[in-house]
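Trainee: I should like to go through the reasoning behind some structural labels, value by value.
Mentor: Then let us take each label in turn and set it against its cut-off.

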Amino acid sequence: MSSTAKVLVVEDEKELSADIVELIKPICETTTAFDGEQGEFLASQGVFDAIILDLMLPGESGLDLLLHIRNKGVSTPVLILTAKDTIADKLRGFNDGADDYVTKPFHREELLARMKALLKRTGHLNSSDVISLGQLEINTSKHLATFDGEPLTLKGREFDLLAYLVANPGTIITKEQIFNRLWGFDSETSLSVVEVYMSNLRKELKHAGSDLSLRTIRNAGYIVEAPDEQ
């Protein structure tokens with residue numbers, strides 16, 4: 001579901017990539033890339049909550065990838081996972097925009113702990129299953145959304161859409177980001193499905209008496225705000 005943290009793993013060794021995915025799957029959903037170009041394309045979408053990045057990749061190095069996405073304004077937290085272990089390598093990684101740096105070979109427990117800390121620090125790993133905005137409350141483990149204590153009737157991905165928006169209050173989220181996060185990059189569904197779900201979600205919130213603002217920002221995307229923030 002969209003309220004679960006989403007992590008991009010960019011690692012060309014497929015066996016190691018599978019091991020990393022298995023290790024962190026209790027705390028997040030994962031997408032994998034096996035070369036620099038694919039990794040940069042996915043990372044540039046801005047729909048991930050964190051990225052695990054190898055430096056020695058085919059096609060484009062991890063550092064080039066990191067520089068490119070930072071130059072594009074992508075602020076997704078990046079944990080570098082690499083065999084390059086000198087102080088100079090680490091300093092360059094941090095100077096180029098990395099948020100954490102772990103060297104190979106690594107202890108599984110340490111990598112998991114670092115990922116948990118990174119996601120918690122950026123607000124994408126909550127100790128509670130409940131997120132709220134104004135009188136709206138979303139329980140992700142129970143897949144239940146309520147307004148002023150009364151349950152909302154949400155169908156299909158409407159719950160995921162609402163949870164995604166409420167987890168990012170006051171932030172403009174593009175139609176493409178919503179589509180890629182909820183339906184996936186490879187989905188054959190039309191992008192217009194986002195408008196349909198957004199319309200249905202507005203109707204349900206209005207029916208429930210919610211005073212949340214779910215606005216369309218022309219040529220930009222959507223933004224949700226609590227009444228006192230409007």
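**Salt bridges and burial**

Mentor: In this predicted model, the side chains of K72 and E40 form a salt bridge, with N and O 2.9 Å apart.

Trainee: Why is the pair K72 and E40 called a salt bridge?

Mentor: The N to O distance is 2.9 Å, and the cut-off for a Lys or Arg nitrogen and an Asp or Glu carboxyl oxygen is within 4 Å. The pair therefore meets the definition.

Trainee: What does the pair K72 and E40 tie together?

Mentor: K72 lies in the loop between helix 3 (62-71) and strand 4 (78-82), whereas E40 belongs to helix 2 (residues 36-43), so the pair ties together parts that are 32 residues apart in sequence.

Trainee: How do you know whether K72 and E40 are buried or exposed?

Mentor: K72 has a relative accessibility of 51%, and exposed means over 50%, so K72 counts as exposed. E40 stands at 12%; buried means under 20%, so E40 counts as buried.

Trainee: What makes R114 and E110 a salt bridge?

Mentor: Their closest N and O atoms are 2.9 Å apart, which is within 4 Å, so the label applies. Both residues lie in helix 5 (residues 108-121), four residues apart, or about one turn of the helix.

Trainee: Why are R114 and E110 called partly exposed?

Mentor: R114 has a relative accessible area of 27% and E110 one of 31%. Partly exposed covers the range between the 20% and 50% cut-offs, so both residues receive that label.

Trainee: Which label fits K25 and E22, and how do you know?

Mentor: Their side chains meet at 3.2 Å, N to O; this is within 4 Å, so the pair is a salt bridge. K25, at 47%, and E22, at 44%, are both partly exposed, because these values fall between 20% and 50%.

Trainee: How many salt bridges does the structure hold?

Mentor: The structure holds twelve salt bridges.

Trainee: Let us turn to S210. Where does S210 lie, and why is it called buried?

Mentor: S210 lies in the loop between helix 8 (193-207) and strand 10 (213-217). Its relative accessible area is 14%, and buried means under 20%, so S210 is buried.

Trainee: What makes the approach of S210 to L212 a polar contact?

Mentor: The side chain of S210 reaches the backbone nitrogen of L212 at 3.2 Å, and the distance cut-off is within 3.5 Å. S210 also touches F147 and L205, leaving aside residues up to four places away in sequence.

Technical notes: Residues are numbered from 1 along each chain as its sequence is written. This is a predicted model: local features need pLDDT of at least 70, side-chain atom pairs count only at pLDDT 80 or more; totals for chains, interfaces and linings use all residues. Side-chain values use heavy atoms; hydrogens and water are left out. Buried means under 20% relative accessible area, exposed over 50%, partly exposed in between (1.4 Å probe, protein chains only). Helices (H or I, at least four residues) and strands (E, at least two) are DSSP runs, numbered from the N terminus. A polar contact is a pair of N or O atoms within 3.5 Å; within protein, one must be able to donate a hydrogen and the other to accept it, and residues adjacent in sequence count only if both atoms are side-chain atoms. Contact means heavy atoms within 4.5 Å.
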